[in-house]
Amino acid sequence: MTEPHVRLRSQLVALLAAVATLVLLDLLWLGVVARDWYARTLGPWQAPSPHVGAAVAFYSIYVVAVLRHAVVRADFVADAAWRGAGLGLLAYATWDLTNLAVLRDWPASLVPVDMAWGVVLTAVVSAVGRSVLERVEDASP
């Protein structure tokens, strides 16, 4: 059984790794890979620049949910990835399908791409978090 202080330290390190992975991959996706596509697809829906406070709030809440529901509860890295994929589907489907349901002229072509990105992103973040958690716990005395 892992000591509580070792477990807490391991979870904090895993959280930092998950945050770094989430921010890096999402910035790469939104700022480089799919930037022009989102700009064309969202058109007038897209703000000229992101609201940093809202982004920090989302990433903070989301990464804690990923840690709690995918990383810590998983038995191994692949399990964390599957749990993360499910969480990503739930979160991104909530956003995309709600917008499609209630916003006039929300671009339907955005929905499957953004949902797929949420699945992939959250699966990778969860796998990285679980991998780091295991390494830190294994390295602890």
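Visitor: In this predicted model, is Asp79 buried or exposed?
Guide: The cut-off for buried is under 20% relative accessible area. Asp79 has a relative accessible area of 16%. Asp79 is therefore buried.

Visitor: Which side chain meets Asp79 in a salt bridge?
Guide: A salt bridge needs a side-chain nitrogen within 4 Å of a carboxyl oxygen. Here the N to O distance is 3.3 Å. The partner sits four residues from Asp79 in helix H4 (residues 77-102), about one helical turn away. That partner is Arg83.

Visitor: How does Arg83 count in terms of accessibility?
Guide: Values under 20% count as buried and those over 50% as exposed, with partly exposed in between. Arg83 has 33% relative accessibility. So Arg83 counts as partly exposed.

Visitor: Which residue forms a salt bridge with Glu137?
Guide: The closest N and O atoms of the pair are 2.2 Å apart. Glu137 lies in helix H5, its partner in helix H1, so the pair ties together parts that are 130 residues apart in sequence. The partner is partly exposed, with a relative accessible area of 23%. It is Arg7.

Visitor: How far apart in space are Glu137 and Arg9?
Guide: Glu137 belongs to helix H5 (residues 110-139). In sequence, Glu137 and Arg9 are 128 residues apart. C-alpha to C-alpha, the distance is 8.7 Å.

Visitor: Which side chain meets Arg130 in a salt bridge?
Guide: Both residues of this pair lie in helix H5, four residues apart, about one turn of the helix. Arg130 is buried at 8% relative accessible area, whereas the partner is partly exposed at 24%. Their N to O distance is 3.0 Å. The partner is Glu134.

Visitor: What is the nearest side chain of opposite charge to Asp26?
Guide: Asp26 lies in helix H1 (residues 4-33). Asp26 is buried yet has no salt bridge. Beyond four places in sequence, Asp26 touches Gly31, Tyr59, Tyr92, Trp117 and Leu121. The nearest opposite charge is 14 Å away, on Arg35.

Visitor: How many salt bridges does the structure hold?
Guide: Among them are Arg83 with Asp79 and Arg130 with Glu134. Glu137 with Arg7 is another. The total is four.

Visitor: What pattern does the protein chain follow along the sequence?
Guide: The chain has five helices and zero strands. Of its contacts between residues at least 6 apart in sequence, 77% join residues at least 24 apart. Read along the sequence, the pattern is α-α-α-α-α.

Methods: Residues numbered from 1 in each chain as written. Predicted model: local features only at pLDDT ≥ 70, side-chain atom pairs only at ≥ 80, totals over all residues. Heavy atoms only, no water. Helix = DSSP H or I, 4+ residues; strand = E, 2+ residues; numbered from the N terminus. Contact = heavy atoms within 4.5 Å. Buried < 20%, exposed > 50% of the residue type's maximum accessible area, 1.4 Å probe, protein only. Lys, Arg positive; Asp, Glu negative; His and termini not counted.
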